[in-house]
Amino acid sequence: MDIEEDIRSLQLDSAEETNGSVTPEDVKPEEVDKSEHMDEDPKPEVQAEPIDVEPKAKEKEIPPTQDEDDEAEMMKKRHLNVVFIGHVDAGKSTTGGQILFLSGQVDERTIQKYEKEAKDKSRESWYMAYIMDTNEEERVKGKTVEVGRAHFETETTRFTILDAPGHKSYVPNMISGASQADIGVLVISARKGEFETGYERGGQTREHVQLAKTLGVAKLLVVVNKMDEPTVEWSKERYDEIESKMTPFLRQSGYNVKKDVIFLPISGLVGTNMKTRVDKKICPWWNGPCLFEALDAVEVPERDPKGPFRMPIIDKFKDMGTVVMGKVESGTVREGDSLLVMPNKAQVKVVAIFIDEDKVKRAGPGENLRIRLSGVEEDDISSGFVLSSVANSIPAVTEFVAQLAILELLDNAIFTAGYKAVLHIHSVVEECEIIELLHQIDPKTRKPMKKKVLFVKNGANVVCRIQVNSMICIEKFSDFPQLGRFTLRSEGKTVAVGKVTAL
């Protein structure tokens, strides 16, 4: 199991690194708000009294302050989390950087600074990626390691970009990025040879698509990047070839290609067909949308603001109290709320809520939040824990029943009772063991077969009982799809995807 321990340690290292990289940015707004927090700390009891909440709401209606106007404005815009996935070197970080530049999040001077920095490293074409790849290791190697995070807005939508690593050593980090996303942008390189490498067996294009589907990324924008490359030069033949090869694979991975997938050509490096449609002189055959239009047109998934509160914790750090980060999967949270940190049942109080850099009074499902809590120490929280409502808390289990689709077992491996793997479910990463195979599912009828099964091979669908070493918080897929779908990985490969059917 050494390799799995490596994966686990990789995951933990990256959590610590993310910790390091998130904090400096995140400290800024709170520094400004310090006087505000000073007021908050001495009187936690006052907030706890429900009677006090009512007058506050009324005051809010009469004289709306600037902050509340901004908050209302922010809430009016829909919010989407977009994860950039794809094979290493397809241009994910460059495309993400270009989006931030085109949407005015990064100014010309910063770009010039990055351009000079990249030139000094003899890596002229990497300068756009520096916007997303912020740490030195990523810049030197030209490989994303952590999940980069940034924000931009269009007329109708606020977007959170999650730039996932493409390299196969960092797939656990990619999983943590994709588990927070609503839609995926699959970046494919049109350059001769590069698409083929990513698409062949063992290439990250395939694994990322399968993982994205399992992790609940329902809609996919397939952007064919590097169309301006000398080996391509906006060739319609090359674009069609990539689309015709990808379509059957996307279908096989569970995507409805007509409804849930959009293909479009771009150049991430120079920004062609991104904010505005590509000039007919450059690409006479393209009549579809540009990237920003396609992103704006994506429908927001259904979410329940009135449901029980659920927020899987992806990271935590200390900053004038314990701060946890994550994406709200269900329900609404307000300043002053009492919540539970599961599975250790720690009762906590919400002291402050931040969306991006803005302090807000409440937040609903789909938002990526930083929540400052009182009543719990940072050391008592791990990523994979879930912040949940007190009245309807999330179940914590060490054993569950699941339906699994076996994708690709390692050579000579047999999937049977006693099989061990690493389980990834929302932000949980735990070693698990198959305790018992209950029955196999007939691929034609989709019904359980009567014959008792002792082992299964690649491509099989099977219902089994799974056990984990320590308590984890999960839901049945039928109740909460986001918290009930998972992947099993072994020795750095995804071997199966599944859904929780009974707890």
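E399 has a relative accessibility of 30%, so it counts as partly exposed (buried means under 20% relative accessible area, exposed over 50%, and partly exposed in between, with a 1.4 Å probe and protein chains only). The model is a predicted one, in which local features need pLDDT of at least 70 and side-chain atom pairs count only at pLDDT 80 or more, while totals for chains, interfaces and linings use all residues. Residues are numbered from 1 along each chain as its sequence is written, and side-chain values use heavy atoms, with hydrogens and water left out.

Back to E399: its side chain meets that of R465 in a salt bridge at 3.7 Å, N to O (a salt bridge is a side-chain nitrogen of Lys or Arg within 4 Å of a carboxyl oxygen of Asp or Glu). R465 sits in strand β21 (residues 461-473) and E399 in strand β16 (residues 396-406), so the pair ties together parts that are 66 residues apart in sequence. Helices (H or I, at least four residues) and strands (E, at least two) are DSSP runs, numbered from the N terminus. R465 is partly exposed too, at 26%.

K420 and E433 pair up as well, with a salt bridge of 3.6 Å, N to O. This one links distant parts of the chain, with K420 in strand β18 (residues 420-425) and E433 in strand β19 (residues 428-440), 13 residues apart. K420 is partly exposed at 41%, and so is E433 at 26%. Elsewhere, salt bridges with shared partners join R191, E194, K226 and E229 into one network.

Helix α12 (residues 236-252) has a salt bridge of its own: K245 and E241 meet at 3.4 Å, N to O. These two are four residues apart in the helix, which means they are separated by about one helical turn. K245 is partly exposed at 34%, as is E241 at 29%. Over the whole structure, the search turns up 20 salt bridges.

Zooming out, the protein has 14 helices and 23 strands, and buried residues make up 53% of its 503 residues. Of the contacts with a separation of 6 or more, 71% are between residues 24 or more positions apart (contact means heavy atoms within 4.5 Å). About 23000 Å² is exposed, with carbon and sulfur atoms supplying 51% of it; accessible areas come from the Shrake-Rupley method with a 1.4 Å probe, and for residues only the protein chains shown count as cover.

Helix α6 (residues 92-102) is largely enclosed by the rest of the structure, because nine of its eleven residues are buried. Among them are K92, S93 and T94. After α6 comes G104, with a positive phi near 80 degrees.

D182, in the loop between α9 (171-178) and β4 (183-189), is buried at 6% relative accessibility. Leaving aside residues up to four places away in sequence, its contacts include H79, R303 and K327. K219 is another one of those contacts; its C-alpha lies 7.4 Å from that of D182, although the two are 37 residues apart along the chain.

As for cysteines, the structure holds zero disulfides (a disulfide is a pair of cysteine sulfur atoms within 2.5 Å). For C464, the nearest cysteine sulfur belongs to C432, 8.7 Å away. C464 is buried at 0% relative accessibility, and C473 is buried at 1%.
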